[in-house]
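Visitor: I would like a close look at a single part of this model, the strands and the nonpolar packing around them, with every cut-off spelled out. Please take it slowly and in one piece.

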Amino acid sequence: MMIDDDDNLPNREAGIDGYQKIDRYNPELIANLSASYHNVLTQIGEQPDREGLLKTPERMAKAMLYLTHGYDLDAKEILTSAMFKEEYSQMVVVKDIEVYSMCEHHMLPFFGKAHVAYIPNGHVVGLSKIPRIVDVFARRLQVQERLTNEIRDCIQDTLQPLGVGVVIECRHLCMSMRGVQKQNSVTTTSAFSGEFFKEKTRTEFLNLITSRLS
């Protein structure tokens with residue numbers, strides 16, 4: 001049985017959905033970051049006191065905190081908040097999960113899709129938690145290779161399934177906006193554990209994520 005727990009959890013209006021959200025928008029932090037961004041704008045030759053930029057340093061500060069809010073979330077806690085005993089032992093796949101992250105080398109975005117699968121070993125997890133785990137690790141300064149491994153390791157260590165498979169496909173603005181400026185290149189990374197090291201299981205997973213429902 002597939003379980004999507006979002007509709008059954010209380011206090012969604014309060015910002016609690018299986019874990020406690022942490023608000024990083026405290027005034028002191030915003031003020032410090034805003035001052036730094038004000039200086040950046042000055043250093044690149046802009047005039048941060050002109051009308052169009054008056055509130056830009058504060059907006060940049062809040063945007064950066066949102067884009068990196070994964071540091072405040074506990075991925076294991078999110079998973080354990082919706083674990084259920086279930087005697088289901090076939091592959092569970094959640095594909096086409098939107099990914100938005102920031103490259104740690106140039107602080108430019110990369111974005112695309114993640115495909116995640118696991119084979120339960122006595123426990124399943126609410127389906128909405130898989131995309132949340134992707135988001136927890138994506139909302140940090142990242143490289144795609146580490147992001148892929150972190151998603152796999154979190155699911156494997158927490159659920160103890162028979163195996164985990166993760167494939168991520170992303171476009172990187174550090175490649176299309178600067179450097180080699182290759183606008184149409186896509187980077188694909190994969191990480192596997194347990195049963196997914198077997199060719200038959202891995203092939204089934206790859207076929208499922210490339211197929212389309214009619």
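Guide: What follows goes from the strand pairing to the cores and then to two individual side chains.

This is a predicted model, in which local features need pLDDT of at least 70 and side-chain atom pairs count only at pLDDT 80 or more, whereas totals for chains, interfaces and linings use all residues. Residues are numbered from 1 along each chain as its sequence is written, and side-chain values use heavy atoms, with hydrogens and water left out.

Helices (DSSP runs of H or I, at least four residues) and strands (runs of E, at least two) are numbered from the N terminus, and two strands pair if DSSP finds at least two bridges between them. Strands β2 and β3 pair in the antiparallel sense over 9 bridges, with Tyr 100 standing opposite Phe 111 in β3. The hairpin that β2 and β3 form has 5 residues between the strands, and Met 107 takes a positive phi near 55 degrees there. Strand β3 also pairs with β6, again in the antiparallel sense, over 10 bridges, and the bridge partner of His 115 in β6 is Val 167.

A nonpolar core is a set of buried Ala, Val, Leu, Ile, Met, Phe, Trp, Tyr and Cys residues joined through side-chain atoms within 4.5 Å, where buried means under 20% relative accessible area, exposed over 50%, and partly exposed in between (1.4 Å probe, protein chains only). The largest such core has 31 residues, and those with the most contacts inside it include Val 116, Tyr 118 and Ile 130. At least two residues of this core come from each of α3, β2, β3, β4, α4, α5 and β6, and the largest share, 6 residues, is supplied by α4. Apart from this core lies another, of 8 residues, among them Ala 117, Ile 119, Val 167 and Ile 209.

Thr 210 lies in helix α7 (residues 199–210) and is exposed, with a relative accessible area of 61%. A polar contact is a pair of N or O atoms within 3.5 Å; within protein, one must be able to donate a hydrogen and the other to accept it, and residues adjacent in sequence count only if both atoms are side-chain atoms. A polar atom of the Thr 210 side chain lies 2.9 Å from the backbone oxygen of Leu 206, and the side chain of Thr 210 reaches the backbone oxygen of Asn 207 at 3.2 Å. His 69, by contrast, is buried, with a relative accessible area of 17%, and its side chain reaches the backbone oxygen of Tyr 66 at 2.5 Å.
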